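Student: Please take a close look at one part of this model, beginning with the search for aromatic pairs. I would like one connected account that goes on to the helices.

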Amino acid sequence: MQFVTSFLVTIFLVVFAGFLAGPAFTLPAYDAQGGVAAGALPQFVVVAVVILAIGSFVADLRRRVRSEGEAEAEVHFDASPTRVVTIGFAVLALLAVFLVAWPRLSFPVAASIFMAALSLLLLPAEQRTVRGALVAVVASIAFCIGVWLAFVHLLAVPLR
Amino acid sequence: MEFLTPLSEGLGTVLSQPTALLLILVGVIVGFTFGATPGLTATMGVALFIPLTFPLPGEIAISMMIGLYCGSMAGGAIPAILLNIPGTPSAVVTTLDGHPMARSGQAVRAYGWALIASVVGGLIAWFALVTIAPALARLALRLGPAEYAAIAFLGMTIIASIVPGQLVKGTLAAIIGVGLSVVGLDQITGQGRWTFDTLPLMRGINIMPALIGLLVIPELLSSIFQRQVQAQVRVTLRGMFPNLPELMGQSVNMLRSALIGVAIGIVPALGGSVGSLIAYDQAKRFARDKHMYGKGAPGGVVASEAANNGVTGGALIPLLTLGIPGDTVTAMLLGGLMIHGVQPGPRLFDTSGELVWMILASTLLATVAILIVGIIGFRFFVKVLDVPRHVLVPALFVLAVVGTYSLANQWFDVLVMLVLGTFGFCASLARIPVYPMVIGVILGPLLESEMRRALVISGGDWSTFVTRPVSATILAVALAALLMPLLFSWREKHLPRRKELNNNFTEQK
């Protein structure tokens, strides 16, 4: 998983840096006195990101070739790589849907749906009963209404 | 002892405000709760509670956040002892002896040692903070733009090179962070940089949404995948605290470990876990019962907890005097301070002296509050371990979104948080560290503006960075920080081969 994500992140960084290179290189890098102008740092960032992203991937590739046949170390999560990727991106997708729905449905409704959906998604297998689901949904609604009341009435933040 | 007068004034101000005292206590309780819950961190706690401090006066809000920071460090020991799962990364060393003590029926005693070591470590760190910080700030005031640029560069190089064997990834992350800080209008010429003629991008990427996105979202996602264990322990306060001879027996260990923590805390990015590990190693080396270390020695718990609480005071030193955060929590604190109109740096002691001393007084009170909260709230914090993860994590996601929105009531901030959160998660899967990105976002503007000022003063002469002695020294240290990991890696690869050759040569002779 680490190798595949490293490859994808490298591709993303190189493409994105290429996209940002145009605006960066239209700015001047040096002023008349030999000092640094507005374009210097963006230009440096673009070039350095491309070089280091490729360097980082090459290092991962070399590590993978060297350790071929050995189990790849996946130590930072207590779950299988497939589960980490699936659940991780599902949560991020739910979050994006919540942000899109918020202006349309109002905060208490959108947040309650988001939290209930996420709670149900993360519900452990042994608690997947009607009662377990009901508790998760009720807790979500109560929490979101509490947050909405606190922010709107106590902190005067206009949550629509 | 010239700090006593302003400090007593700061203490007087805090003590005369019951709200401030109450909120410091609330901060410590919330911090303990975040520390005691595996998967939740002090960084999350500070990030999620910053919006709740909006209506409060700056000094009280900051006091509450500091209480949260101190509380979370101490709270991390609870699951480390009871469940063998560190509540915070810095409590990982506490598990080595804390959990074996719990298994042999001494859970409460181990917690008592952890609590005392946390408070003593915090007090020593606080003393270091009030004595070192003002002197360092005075020294920093004499520095020019070239030195500031060098300090910002040093901060980034240390952080980029800190991940073992990952110098390229660390540097890449730091430069991505600098790239994020570039977005917006140029501070000097007003030219748009990566703004694409859109108003939100012209305003630039605010620090807090970037920090919440890069630090909190990936941490929340990773907390989903941590196993949840129920605490099975009989909670009683009997026998919690050691007697005086036992306490005296650990006094040197406590002092040494706290000082190690302070020293480690001052260096950006090393953090509590490194401090605890070094302190534990030293404690074991000097201990009479070294054979018991790893099997349930109180000295191991003491070393770890005194050191990781020492780190809190140490990490506040570069934050308050140079505006450079020592760890992820102080990076969040920096964002919180800026939201409340406080700009940390060498001029802070001059421009907002009263506020700084009030912050330092609050740190002292928060450290003392750890003891009270730790004793009274022990039963509650053990119960916190049983809160189901599938309810807690979604609730924290909601708070992260609402908190980001409420920073400036801007949808753009929430979008930035989501995009950077997604990138941070992908980066962590690819083992690209996110902390250097955060430091790049924070130090990027300082590095650029001071470098440009230095070049204006020198008339475009780049040698100004190496001809000024302080700047040259700092740059040399930065270069060493970059080259040392490469050197160690080269030695690791070539030394065994050389040894093998020598052995072969000797055998042939």
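Tutor: Over all chains, a search of the whole structure, which is a predicted model, turns up 21 aromatic pairs. One of them joins Phe32(B) and Phe381(B): the pair is stacked, at 4.7 Å centre to centre and with 15 degrees between the planes. Phe32(B) belongs to helix 2 (residues 18–36) of chain B, while Phe381(B) belongs to helix 19 (residues 378–384) of chain B, so this pair ties together parts that lie 349 residues apart in sequence. Both partners can be checked for exposure. Phe32(B) has a relative accessible area of 0% and is therefore buried; Phe381(B), at 1% relative accessibility, counts as buried.

Ring pairs also build a cluster with members from chains A and B: Phe98(A), Trp102(A), Phe107(A) and Phe114(A) are linked with Tyr405(B) and Trp411(B).

A search of the whole structure for disulfides gives zero over all chains. Two cysteines can still be placed by their exposure. Cys144(A) is buried, with a relative accessible area of 0%, and Cys70(B) is buried, with a relative accessible area of 4%.

Cys70(B) leads to helix 18, since it is among the residues that Thr363(B) touches; the others are Ile66(B), Trp126(B), Leu129(B) and Leu316(B), with residues up to four places away in sequence not counted. Thr363(B) sits in helix 18 of chain B. Its relative accessible area is 5%, so Thr363(B) counts as buried, the limit being under 20%. The side chain of Thr363(B) also reaches back along the chain, to the backbone oxygen of Ile359(B) at 2.8 Å. In an α-helix there are 3.6 residues a turn, so residues three or four places apart point the same way.

Helix 18 itself covers residues 353–376 of chain B; from first C-alpha to last, its 24 residues reach 34 Å, close to the 34 Å expected at 1.5 Å a residue. There is nevertheless a kink of about 25 degrees in this helix, centred on Ala369(B). Helix 18 of chain B is mostly covered, with 18 of its 24 residues buried.

Helix 22 of chain B can be read in the same order. Its 23 residues (435–457) should span 33 Å at 1.5 Å a residue, and the end C-alpha atoms are 33 Å apart, so the two values agree. The bend in helix 22 of chain B is about 45 degrees at Leu443(B), and a proline, Pro445(B), follows within four residues. Of the 23 residues in helix 22 of chain B, 18 are buried, and the helix is mostly covered. After helix 22 of chain B comes Gly459(B), whose phi is positive, near 70 degrees.

A further contact across the sequence of chain B involves Leu167(B), which is in helix 9 (residues 167–182) of that chain. Leu167(B) has a relative accessible area of 17% and is buried. Leu167(B) and Leu486(B) are 319 residues apart in sequence, yet their C-alpha atoms are 8.1 Å apart in space. Leu486(B) is among the residues that Leu167(B) touches, along with Leu482(B), Ala160(B) and Ser161(B), not counting residues up to four places away in sequence.

Technical notes: Residues are numbered from 1 along each chain as its sequence is written. Chains are lettered from A and ligands numbered from 1 in the order in which they are written. This is a predicted model: local features need pLDDT of at least 70, side-chain atom pairs count only at pLDDT 80 or more; totals for chains, interfaces and linings use all residues. Side-chain values use heavy atoms; hydrogens and water are left out. Rings of Phe, Tyr and Trp (its six-membered ring) pair if their centres lie within 6.5 Å; planes under 30 degrees apart count as stacked, over 60 as edge-to-face and the rest as tilted. Helices (H or I, at least four residues) and strands (E, at least two) are DSSP runs, numbered from the N terminus. Buried means under 20% relative accessible area, exposed over 50%, partly exposed in between (1.4 Å probe, protein chains only). A disulfide is a pair of cysteine sulfur atoms within 2.5 Å. The expected span of a helix is 1.5 Å times one less than its number of residues. The bend at a residue is the angle between axes fitted to the seven residues ending there and the seven starting there. A polar contact is a pair of N or O atoms within 3.5 Å; within protein, one must be able to donate a hydrogen and the other to accept it, and residues adjacent in sequence count only if both atoms are side-chain atoms. Contact means heavy atoms within 4.5 Å.
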